[in-house]
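These are my notebook entries on a structure that I looked up one element at a time. I record below what I found for each.

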Amino acid sequence: MSDMIFPVLELVCPAGSPAMLKAAIEAGADSVYCGFRDETNARNFPGLNFSPEELRAATDWAHERGTRVLLALNTFARADATDLWRASADAAAEARVDAVIAADLAVLSHMSANHPDTRLHLSVQAAAGTPEAIAFYAREYGVKRVVLPRVLSVEEIRSLTSEITVETEAFVYGGLCVMAEGRCALSSYASGRSPNLSGVCSPPEAVSFSDDHGERTTRLSGFAIDRLPAGEVGGYPTLCKGRFRGGGFREAAYLFEDPVSLNAMSLLAGLARAGVTAVKIEGRQRGRAYVARVTAAFRAAIDAIGRGESPGPYEALLGDLAEGARETTGAYGKRWR
Amino acid sequence: MMASIESGGLMELAIGPLLFNWAAERVETFYARIADEAPVGTVYLGEVVCGKRQPMLQDVLARAAERLEGAGKTVIWSTFALPSTPRERRLAAELAADTDHLIEAGDMSAVWSRMPAPFVAGPLLNVYNAPAAAELVRLGCVRLCANVELPLTSIAEIAQACPGLQLELFAFGRLPLALSSRCAQARMEGLHRDACRYVCDRHPDGMDVSTIEGQDFLAVNGLQTLSHGCQLIDVEVEALKAAGVSILRLSPHSLDMVSVSHLFCDFVEGRIKSRELALRIGSLGPPGPLISGYLHGVAGARWGTGGVAV
């Protein structure tokens with residue numbers, strides 16, 4: 001590694017609850033992101049998220065410690081309930097969060113018109129991966145940062161950042177959408193609930209399991225999406241990571257993607273050199289201990305890079321945490337192109 | 001130029017962009033028949049799924065456009081749903097810059113390159129509510145093909161709030177459900193996308209995908225995942241008009257699309273009801289069982305509010 005000074009990467013960590021927010025900040029997060037306890041954010045699972053009061057208190061607590069709070073308002077407003085998204089945007093501004101992360105044109109236009117002082121980040125749910133799309137959101141709504149779709153290689157990110165005027169944030173750890181984010185209706189096709197609208201992919205009430213002949217079959221609204229030997233632990237049962245038959249193949253296979261989890265720690269320096277401003281850990285639905293551990297490992301790795309050292313010693317720290325127990329550097333290495 | 005649609009009166013038919021990798025001769029024959037025989041006002045042309053297919057179709061589609069326009073159809077050029085390579089971005093920008101023709105924007109890149117010139121917002125633009133639709137109207141959108149997940153009630157909300165906006169409904173064909181930058185079809189064949197041998201050309205309606213238990217479920221078309229079921233609107237014309245819908249999109253499949261468009265013509269002109277439309281479409285050999293759940297706010301795989309179509 002050369003002795004050049006890398007720009008410091010901002011470490012953005014998940015806060016699925018007030019307790020997780022504290023754990024992430026104490027473990028070294030520069031920023032945390034969270035959502036309200038309703039369908040206005042893309043991790044609308046039971047037992048997660050914040051009330052407006054909790055958000056206000058948590059934001060004050062974070063600010064006292066020099067940490068930023070980003071509020072994910074990143075689902076698309078249901079046509080008959082746009083007031084809920086509008087009220088959430090107002091509540092976020094009132095809590096003095098450091099940025100609102102949004103994807104819906106309705107939310108973006110409301111924020112830029114009514115809360116021009118609140119910073120806007122473009123959610124990965126907007127799937128904006130070209131300079132043109134990013135320019136659109138930057139000019140029309142004053143978006144200051146774009147969370148990059150998880151389909152770009154490091155080289156593509158380098159090229160992209162040279163063509164845009166806003167900051168970029170890249171996912172470096174956790175679950176991966178296989179499909180273009182925010183443009184996937186697989187879950188609603190089976191279950192009737194749209195992840196884009198309700199913030200839930202594979203809604204828990206639609207998931208069922210049945211055991212037969214030593215195997216466990218996972219179903220979403222009746223459709224069998226995977227079958228594993230009893231006792232083997234799979235990841236959260238999303239359709240894109242299920243096994244199917246097609247194209248004359250008699251054996252069921254992982255049609256879209258093997259069940260792997262992103263770990264791009266080894267690419268942090270490359271992402272920094274490619275012009276990325278912030279790196280993001282996925283996993284608001286995971287536990288507090290998980291978030292503390294991942295945050296601490298990435299804090300150490302980023303600090304090492306900042307000192308011009310290798311993050312190598314920290315890379316093996318998290319291997320046992322990966323969903324489905326296998327890790328990938330995802331599109332960043334782009335072996336599948 | 002756009003065909004005009006009288007408010008509250010006529011219902012127009014449109015042929016959506018061809019989603020599948022058909023051989024050039026098949027594409028040419030298809031559009032020749034549409035030009036000569038199909039009672040549709042609008043035909044969307046252009047490769048929207050995979051940039052690798054586009055070069056093989058360029059000349060064929062240019063000839064198709066001439067023939068369609070000669071037959072009095074309005075041609076609208078559709079842009080990529082997921083442009084990524086510099087070439088795909090350039091092609092989308094070129095289409096957007098051609099203000100002699102209307103375009104259908106497949107993503108926000110095309111909107112950016114196009115505005116403030118008029119454009120059609122495609123079904124993959126994630127417009128779920130009236131304020132979002134109003135934003136696109138402000139930027140030049142004259143027609144919106146509703147996102148396939150939207151129930152008719154939401155379409156009605158959008159129509160009410162955006163009186164000048166034409167609303168198009170995905171009325172026939174396998175539903176485009178998801179996009180990936182990774183090709184599942186190449187993956188299934190053990191190939192990389194960059195050396196994919198264009199295996200998607202083996203499946204003119206997409207490659208059927210069934211569950212581990214053999215239940216029909218999805219269809220893969222290169223980078224795109226479609227429903228196995230075939231969307232067919234199952235509400236009457238009056239209800240569609242009351243919701244503000246003025247255009248019905250028929251998505252090309254390998255069955256006889258001229259016959260499909262004639263049946264839809266009978267439907268929109270009141271000669272047959274939705275039940276008979278479903279019976280007759282069913283007898284033409286649609287690519288999967290008929291589905292319509294999304295229109296009713298339930299799972300897309302269902303027919304009406306009933307069970308999953310099998």
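**Entry 1: Strand pairing across the chains**

I began with strand 11 (residues 243-246) of chain A, which pairs with strand 8 (residues 207-210) of chain B in the antiparallel sense over 2 bridges. I then looked up G246(A) and found its bridge partner in strand 8 of chain B to be V209(B). I note here that the model is a predicted one.

I next looked up the contact between the chains, to which chain B gives 54 residues and chain A gives 52 residues. On the side of chain B that touches chain A, helix 4 (residues 108-114) of chain B gives the most, with 5 residues. I sorted the residues of that side of chain B and obtained 27 nonpolar, 17 polar and 10 charged.

**Entry 2: Chain B as a whole**

For chain B I recorded 10 helices and 12 strands. Its radius of gyration is 18 Å, and the globule rule gives 19 Å for 310 residues; the two values are close, so chain B is as compact as a globular protein of that length. Along the principal axes, the C-alpha atoms of chain B fill a box of roughly 50 × 50 × 40 Å.

I also looked up burial in chain B, where 58% of the 310 residues are buried. Of the contacts in chain B with a separation of 6 or more, 65% are between residues 24 or more positions apart.

**Entry 3: Helix 2 of chain B**

Does the end-to-end distance of helix 2 of chain B agree or disagree with the expected span? Helix 2 (residues 54-70) of chain B has 17 residues, which should span 24 Å at 1.5 Å a residue. Its end C-alpha atoms are 23 Å apart, and I therefore entered the two values as in agreement. I did note a bend of about 30 degrees in helix 2 of chain B, at V60(B).

I listed the buried residues of helix 2 of chain B as L57(B), L61(B), A64(B), A65(B) and L68(B). An α-helix has 3.6 residues a turn, so residues three or four places apart point the same way. The buried residues of helix 2 of chain B pack against helix 1 (24-37), strand 2 (42-45) and strand 3 (74-78) of chain B. Just after helix 2 of chain B, I found G72(B) with a positive phi of about 90 degrees.

**Entry 4: Strands 3 and 4 of chain B**

I followed strand 3 of chain B to strand 4 of chain B, with which it pairs in the parallel sense over 3 bridges. I76(B) stands opposite L102(B) in strand 4 of chain B. From strand 4 (residues 102-105) of chain B, L102(B) and E104(B) point one way, while I103(B) and A105(B) point the other way. I recorded all of these residues as buried.

I then checked a peptide bond in chain B: M115(B) and P116(B) are joined in cis, with omega about 10 degrees. P116(B) is in the loop between helix 4 and strand 5 (119-121) of chain B.

**Entry 5: Helix 3 of chain A**

Helix 3 (residues 82-94) of chain A has 13 residues and reaches 18 Å from its first C-alpha to its last, close to the expected 18 Å. Its buried residues are T82(A), W85(A), S88(A), A89(A), A91(A) and A92(A). I looked up what the buried residues of helix 3 of chain A pack against, and the elements include strand 3 (68-73) of chain A and also helix 5 (130-138) of chain B. Just after helix 3 of chain A, R96(A) takes a positive phi of about 60 degrees.

**Entry 6: The hairpin of chain A and the residues around S191(A)**

In chain A, strand 8 and strand 9 (residues 215-220) run antiparallel and are joined by 6 bridges. I found D212(A) to have E215(A) as its bridge partner in strand 9 of chain A. Is strand 8 of chain A buried or in the open? Of its 6 residues, the number buried is 0, so strand 8 of chain A lies largely in the open.

The two strands form a hairpin with 2 residues between them. H213(A), in the turn, has a positive phi of about 50 degrees although it is not a glycine. I entered H213(A) as exposed because 5 other C-beta atoms lie within 10 Å.

S202(A) likewise has a positive phi of about 50 degrees and is not a glycine. I entered S202(A) as buried because 23 other C-beta atoms lie within 10 Å.

Last, I looked up S191(A), in helix 7 (residues 186-191) of chain A. Leaving aside its neighbours within four places in sequence, its contacts include P203(A), L220(A) and A299(B).

How values were computed
Residues are numbered from 1 along each chain as its sequence is written. Chains are lettered from A and ligands numbered from 1 in the order in which they are written. This is a predicted model: local features need pLDDT of at least 70, side-chain atom pairs count only at pLDDT 80 or more; totals for chains, interfaces and linings use all residues. Helices (H or I, at least four residues) and strands (E, at least two) are DSSP runs, numbered from the N terminus. Two residues are in contact if their C-beta atoms, placed from the backbone, lie within 7 Å. Ala, Val, Leu, Ile, Met, Phe, Trp, Tyr, Cys and Pro count as nonpolar, Asp, Glu, Lys and Arg as charged, and the others, Gly among them, as polar. Two strands pair if DSSP finds at least two bridges between them. The expected span of a helix is 1.5 Å times one less than its number of residues. The bend at a residue is the angle between axes fitted to the seven residues ending there and the seven starting there. A residue is buried if 20 or more other C-beta atoms lie within 10 Å of its own, exposed if 12 or fewer, and partly exposed in between; C-beta atoms are placed from the backbone. The radius of gyration is taken over C-alpha atoms; the globule rule is 2.2 Å times the number of residues to the power 0.38.
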